[in-house]
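Q: Please take a close look at one part of this model, the packing in its interior. Go residue by residue where that helps, and tie the pieces together at the end.

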Amino acid sequence: GEGAVVYRRNPDLLGPMSVFGYDYLAAHYGAERAAKLALRGDYAYEALNLVDGRRSVQEVRDRLSAIYGEVSLAAVAQYLRALEEIEAVRIR
């Protein structure tokens, strides 16, 4: 299932998705669509940091839950699919 998918970061995109008032995800995915994503804030920031080409979506979810508190697999999978759509991550 979607928990077994492994993503790797696009090496051409460095740094966080949001910096100095610029939100890469909102700019490329669409602000309205981005606003509907369940994963936000520290969870979203750390989810991208945890994408390393080895961890599955389930492993990313498990680590996020351990760090910040319970988060659903569906929310993490949705966020990573959005990042894939804007080519910030790719399926390994």
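**Inside the fold**

A: Start with R61. Beyond its neighbours within four places in sequence, R61 is in contact with E70, V71, S72, L73 and V76. This is a predicted model, so treat each contact as a feature of the prediction. R61 sits in helix α4. R61 counts as buried because its relative accessibility is 14%, and the cut-off is under 20%. Two of its partners, L73 and V76, fall within the span of α5, residues 73–85.

Next, α3. This helix covers residues 41–50 and holds E46. E46 is also classed as buried, because its relative accessible area is 18%. Setting aside residues within four places in sequence, E46 is in contact with L64, I67 and Y68. Those three partners lie in the stretch 57–68, which is α4. The C-alpha atoms of E46 and V60 are 9.0 Å apart, although 14 residues separate the two in sequence.

E46 is one of five buried residues in α3; the others are A44, A47, L48 and L50. What lies over them? The cover includes β1, α4, α5 and β4, with β4 running over 89–91. A general point about helices helps here: residues three or four places apart point the same way, because there are 3.6 residues a turn.

Now the core. In general, nonpolar side chains of soluble globular proteins tend to be buried together. Here the largest nonpolar core has 27 residues, and L25, Y79 and L83 have the most contacts inside it. Four helices give two or more residues each: α1 (24–29), α3, α4 and α5. α5 supplies the largest share, seven residues.

Y79 deserves its own look. Leaving out residues up to four places away in sequence, Y79 touches M17, L25, L37, L39, A44 and A47. L25 is thus a contact of Y79 as well as one of the residues with the most contacts in the core. A44 and A47 are both on the list of buried α3 residues.

Y79 also takes part in the largest pocket. That pocket holds about 250 Å³ of space. Its lining has 14 residues, and D23, L25, G41, A44 and Y79 are the ones nearest its centre. α3 gives the largest share of this lining, four residues. By type, the lining has ten nonpolar, two polar and two charged residues.

Last, a loop residue. N10 lies between β1 (7–9) and β2 (18–19). N10 is buried because its relative accessible area is 6%. Its side chain makes two polar contacts with backbone atoms. One is to the backbone nitrogen of D12, at 2.8 Å. The other is to the backbone oxygen of E87, also at 2.8 Å. Apart from neighbours within four places in sequence, N10 is in contact with E87, A88, V89 and R90. E87 belongs to the loop between α5 and β4. E87 has a positive phi, about 65°, yet is not a glycine.

To tie this up: R61 in α4 is in contact with L73 and V76, and E46 in α3 is in contact with L64, I67 and Y68. Y79 touches A44 and A47 and is among the residues nearest the centre of the largest pocket. The N10 side chain reaches the backbone of E87, in the loop that leads from α5 to β4.

How values were computed:
Residues numbered from 1 in each chain as written. Predicted model: local features only at pLDDT ≥ 70, side-chain atom pairs only at ≥ 80, totals over all residues. Heavy atoms only, no water. Buried < 20%, exposed > 50% of the residue type's maximum accessible area, 1.4 Å probe, protein only. Polar contact = N/O pair within 3.5 Å; in protein donor to acceptor, adjacent residues only side chain to side chain. Contact = heavy atoms within 4.5 Å. Core = buried A, V, L, I, M, F, W, Y, C linked by side-chain atoms within 4.5 Å. 1 Å grid on protein atoms, 1.4 Å probe; cavity = no way out; pocket = protein on both sides within 12 Å on 5 of 7 lines; lining within 4 Å. Points joined across faces, edges and corners; volume = space filled by probe spheres on them. Nonpolar A, V, L, I, M, F, W, Y, C, P; charged D, E, K, R; others polar.
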